[in-house]
Amino acid sequence: MQVEEPIESSESLCPFTWASVRVRRSAGSGRRPPMIKAMPLIGPLRQFTGDVLPFLHRTRQTYGDAFRMRIFGIELTCLCGPDALALLEDDELLCTTKAMQVLEKITKSTLTRTFDGPHHRMYRKIHTRYLNRSLEREQRDQILGCLRKHTAGWHPGRKLDVLEVAQTQTVDVLSHILNGEPFPFSSRELATVVHTLIFASYGHVPLWLAIRNPAFKSAYKRMHDHFLDLVARVRSNPDLADKTLIGQYLDFPPPEHVGSWENADLVIVPFAAYLAGFDTVASAASFLLYQLLRHRDCLERVRQEYRELPRDEAGHVDPMQQDFLRAAFQETVRINPPGALVIRHATRDFEFAGFTIRKGDEILVQISGDHLDGMLFPEPHKFDPTRFLGPDVTNLKRHVLPFGSGAHRCTGALIGQLFAEEMVSYWVNHFDLELMPESRDIRVAARPFTQPVGLHVKVIGPRATAA
């Protein structure tokens, strides 16, 4: 007889919740999570790649906290609820190893091995030590300089694709702050490389097909060669090393199995800066602008707050002091989280909510499971930033997880939010903008991150704030 071993209380694993006896390290009864009803072969592709959050909310209400689906023959197991979040806190039952192995094959970087397993803590320590509040504060003048440069051509009557604008400005800011240089590629090249790496890493596109794509091969070679040169420059310049994310790795010894960091290993670091922010930060900023332009009363509160707050020595407003803007950001990513799901693989058989999860299963953990919970958020589909104002909102904020959860939560989540807030604050306080008529009810698509489709605005003109 196999003895069931309950997972220990996640009090030591997860700051948000407590795992229950519904999760056990045994195979349990062998009963599989239910397969949801969907179109044969194709599966729930339209719902899953569209406005995925309401779809997941409805599916969870129907099937519970564990269910399966097939999309083009690929079986995915979705886990929801507090126990699922607790599972993300370590790599014992769910891990990213398979995806990192594929990424290592593509990039030829052994550094990807530190993104999972026993060396993951070192990787997180490097990032969290550097990607902190002080980095944004010290680089604020440069951040706003990038935004000023990119909006110099925003003349009255100009029409803007918001997501494209947000992606272009995001990666340029990230390039300056993390890599010490202006963004040296086109957004199209970056999109090709980033999305190919993501889909290939998680097995939704065969590796051989992904890396043979001519557009990917051309863009990736150009980027890889450039980043090899950048790593060499960082290694030879102590000042540049001190001011770049690459340089932070030079202070940490590599794992024993690696021996030493080669230039080819560190090439993944500048890539990671773009992988992390190209979709998520830009999408969050795009949705925030959309919500503010749709709710003019909220927009006016953001502008009033900006006018009344004190300036620093350079004349800038600290985004950490823009309380209503930050509340509007929280409400935005609650309704439209850039990442509603994270992908993992089961390392062994275990039981979840009475169902057996098998070793090797591809797992989707819904980190946004509480975002539309009417008990936590009355009228959950209503945009109401005041939910996140007041003295007792800390616990409520813990239920909104736009940038992942657990041991692999985005290490740039804090600074990514600040960048998104600064970008949108600059746009709305320096320009009068208007939603284009066709943008008033935008479509939402998962590519694989949640993004607005067809969101366009028109520049009415500069505001007095710009002076």
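**Group meeting talk: strands, helices and a few odd residues**

Okay, let's start with one residue pair: Thr77 has Ile363 as its bridge partner in strand S9. Before I go on, keep in mind that what we're looking at is a predicted model.

So where does that pair sit? Strand S3 covers residues 74–79 and S9 covers residues 362–366, and the two run parallel, joined by three bridges. Now turn to the other neighbour of S3. That's strand S2, residues 66–71, which pairs with S3 in the antiparallel sense over six bridges. Thr77 turns up here again, because on the S2 side what stands opposite Thr77 in S3 is Arg68.

How do you get from S2 to S3? The two strands make a hairpin, with two residues between them. One to click on in that turn is Phe72, which has a positive phi of about 50°. Hold that thought, since I'll come back to phi angles later.

Let's zoom out to the whole sheet. It is open, has five strands, and if you walk across you meet S2, S3, S9, S6 and S4, in that order, with mixed pairing. Which strands are at the edges? Those are S2 and S4, the latter being residues 94–95, and each of them pairs on one side only. At the S4 end, the partner is strand S6, residues 341–346, with antiparallel pairing over two bridges. If you want a residue pair to find there, Cys95 stands opposite His345 in S6.

There's a helix on this sheet too. Helix H2, residues 52–63, packs on the sheet and touches S2, S3, S6 and S9. Its direction makes about 125° with that of S2.

Since Cys95 came up, let's do cysteines. How many disulfides are there in the whole structure? A search finds zero. Take Cys78: the closest cysteine sulfur belongs to Cys80 and is 4.0 Å away, which is too far for a bond, because a disulfide needs the two sulfurs within 2.5 Å. If you're wondering whether Cys78 is buried or exposed, the answer is buried, at a relative accessible area of 1%. Cys146 is also buried, at 5%.

Next, the smaller sheets and strand pairs. Three strands form an open antiparallel sheet in the order S1-S7-S8. Strands S1 (23–24) and S8 (355–357) are at the edges with a single partner strand each, so one side of each has no neighbour in the sheet. Strand S7, residues 350–352, is joined to S8 by three bridges, running antiparallel. Within that pairing, Glu351 has Thr356 in S8 as its bridge partner.

Then there's strand S10, residues 431–435, which has two quite distinct faces: Phe431, Leu433 and Leu435 make up the covered one, while Asp432 and Glu434 are on the uncovered one. S10 pairs with strand S13, residues 456–462, in the antiparallel sense over five bridges. From the covered face, Phe431 stands opposite Pro462 in S13.

Now for a helix pair. Helix H9 (residues 187–201) packs against helix H11 (residues 214–236) at an angle of about 105°, and their axes are 9 Å apart. That puts H9 roughly perpendicular to H11. Which residues make the contact? On the H9 side you have Glu189, Leu190, Thr192, Val193, Thr196 and Leu197, and on the H11 side Ala215, Phe216, Ala219, Tyr220, Arg222 and Met223. Sort those by type and you get eight nonpolar, two polar and two charged residues.

Last topic, back to phi. Most residues other than glycine have a negative phi. Phe72 was one case with a positive value. What about Lys108? Its phi is about 60°, positive, although it is not a glycine. Lys108 is in the loop between helix H4 (97–107) and helix H5 (120–130), and at 60% relative accessibility it counts as exposed. In H4 itself, the buried residues are Ala99, Met100, Val102, Leu103, Glu104, Ile106 and Thr107; note that a glutamate is on that list. Ala353 has a positive phi as well, near 55°, and sits in the loop between S7 and S8.

That's my tour, so over to you for questions.

Key. Residues numbered from 1 in each chain as written. Predicted model: local features only at pLDDT ≥ 70, side-chain atom pairs only at ≥ 80, totals over all residues. Heavy atoms only, no water. Buried < 20%, exposed > 50% of the residue type's maximum accessible area, 1.4 Å probe, protein only. Axes fitted to C-alpha atoms, helices over the stretch in contact; angles between N-to-C directions. Helix = DSSP H or I, 4+ residues; strand = E, 2+ residues; numbered from the N terminus. Parallel < 35°, antiparallel > 145°, perpendicular 65-115°, else oblique. Contact = heavy atoms within 4.5 Å. Nonpolar A, V, L, I, M, F, W, Y, C, P; charged D, E, K, R; others polar. Pairing = 2+ DSSP bridges.
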